[in-house]
Amino acid sequence: MNLLLNRPLPPVTPAAGPGQLPDIRSLNGIVGAWHRAMPYTRLVDCGMDGADARELLRRTAEGEDWAATATEIGHRQLERSQDAAVRGRHATARCAARQSAAALNFAQIAHNSDTPEKRTSYSSYLQAVDHYVSLSSGRLEPIELPYREGQVTGWLQLPPGGTADATVIVWGGLSGWGATYFSAADALNDRGIACILAEGPGQGRPRLESRLYVRADTLDGYARFVDYAESDARLRGGIGIQGNSFGGLMAAHITARDPRVGACVINGAPAAPTVPEFRSAREQILAYVGTDDAVEAAGLLQDLHFGPAYHRFDAPLLLLQGGADPLAGPKQQEPFFAAAAHPESRLITWPDGEHTLYNHAAERNAVTADWFREQLGQA
């Protein structure tokens, strides 16, 4: 018997502050921008431990640098993972590795432009992802596909057993790419569907290493993942695409032009993007399209506008939207649904939904994965 259980517990004095989220209304300048772009719901949705997310928000609200703090937290979780792996605690090692990668991802997001600091930070993130891959028992593997003078890249996550009944390609938007969406991959894998966590032109390694940017004439770089899904013998059944945030616009274009795509999910995407007024978002857009000239960027974005006058979805579309999304609200997504010609197309709105439904993450993943299972199973 543990005699400590029979001793009276000391009185508990509540901690003053660490467990509470900062009031974003009190934060100005770059600190406020960090907290608006990366709220608690987004941090946790994209894989950070809840306590780590609270620590990051609290410390940065008190004046610490976002990238440095997120990097410290990520390295701490990486060390925890490595120690657990040495001790044979494989489940703990995998969990901490994912939490490490998430924190280091949010460190690189703090750098809007492709500075040396961003490249170094993204490299640290990739090292954490590589460590997680090494613990995945062969179910997760990197993808490198030649495109133009470089590569588009990502990761393939397979269901248990190593083969799939269908495949879904998932893209992110301007800042959090590829391996941001492990939780979506898990939900798909639970239903027998493989997931390709993809990075196309304007994202991740294709941008930072191959200098590939989003243009109307580089959309075929995104289609390289459809080629891959079609060619891998382990990936049986239909092919779907899910695009989150700006990635939803890429998903729309590929689905409308490629008959191999059997189903599409668009989650929080603008159909007609413009160069934002706010500095942080503007810098991200400029990096995405590969120019320092806002006028040129506006023209490049105009070429990517999507609408029913020029585009049509013959495959079923599931359009997800959040009523409280400040970046891609219902009106900004209307052109996608107007272009949907398939009778199985659906629109689902969460009235309180944040951008890409951070605050409904588990339900969003379940709804999306179930819908893909139904649509691609029929295919």
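These legends walk through several close-up views of a predicted model. Residues are numbered from 1 along each chain as its sequence is written, and side-chain values use heavy atoms, with hydrogens and water left out. Because this is a predicted model, local features need pLDDT of at least 70 and side-chain atom pairs count only at pLDDT 80 or more, while totals for chains, interfaces and linings use all residues.

**View 1. Eight strands make an open sheet.** Their order is 1-2-4-3-5-6-7-8, with mixed pairing. Strands (E, at least two residues) and helices (H or I, at least four) are DSSP runs numbered from the N terminus, and two strands pair if DSSP finds at least two bridges between them. Strand 1 (140-147) and strand 8 (346-350) each have a single partner strand, so one side of each lacks a neighbour in the sheet. From one strand to the next, the twist averages 20°. Inside the sheet, strand 2 (residues 150-157) and strand 4 (residues 193-199) pair in the antiparallel sense over five bridges, and Gly-154 stands opposite Ala-198 in strand 4.

**View 2. Helix 10 (residues 247-257) lies across strands 3, 5 and 6.** Helix 10 runs at about 150° to strand 5 (239-244); axes are lines fitted to C-alpha atoms, for helices over the stretch in contact, and angles run from 0 to 180 degrees between N-to-C directions. Helix 13 (residues 330-338) also packs on the sheet, touching strand 6, strand 7 (317-322) and strand 8.

**View 3. Gln-242 sits in strand 5.** With a relative accessible area of 3%, Gln-242 is buried (under 20%; exposed is over 50% and partly exposed is in between, with a 1.4 Å probe and protein chains only). Beyond its neighbours within four places in sequence, its contacts (heavy atoms within 4.5 Å) include Val-168, Trp-171, Ala-251 and Phe-372.

**View 4. Helix 9 (residues 219-231) packs against helix 10.** The axes are 10 Å apart, at an angle of about 70°, which makes helix 9 roughly perpendicular to helix 10 (65 to 115 degrees). Among the residues making this contact are Tyr-222 and Val-226 of helix 9 and Met-250 and Ile-254 of helix 10.

**View 5. The largest nonpolar core has 50 residues.** Such a core is a set of buried Ala, Val, Leu, Ile, Met, Phe, Trp, Tyr and Cys residues joined through side-chain atoms within 4.5 Å. Ile-196 and Phe-336 are among the residues that touch the most other members. Helix 9 gives the largest share, seven residues.

Methods:
Parallel < 35°, antiparallel > 145°, perpendicular 65-115°, else oblique.
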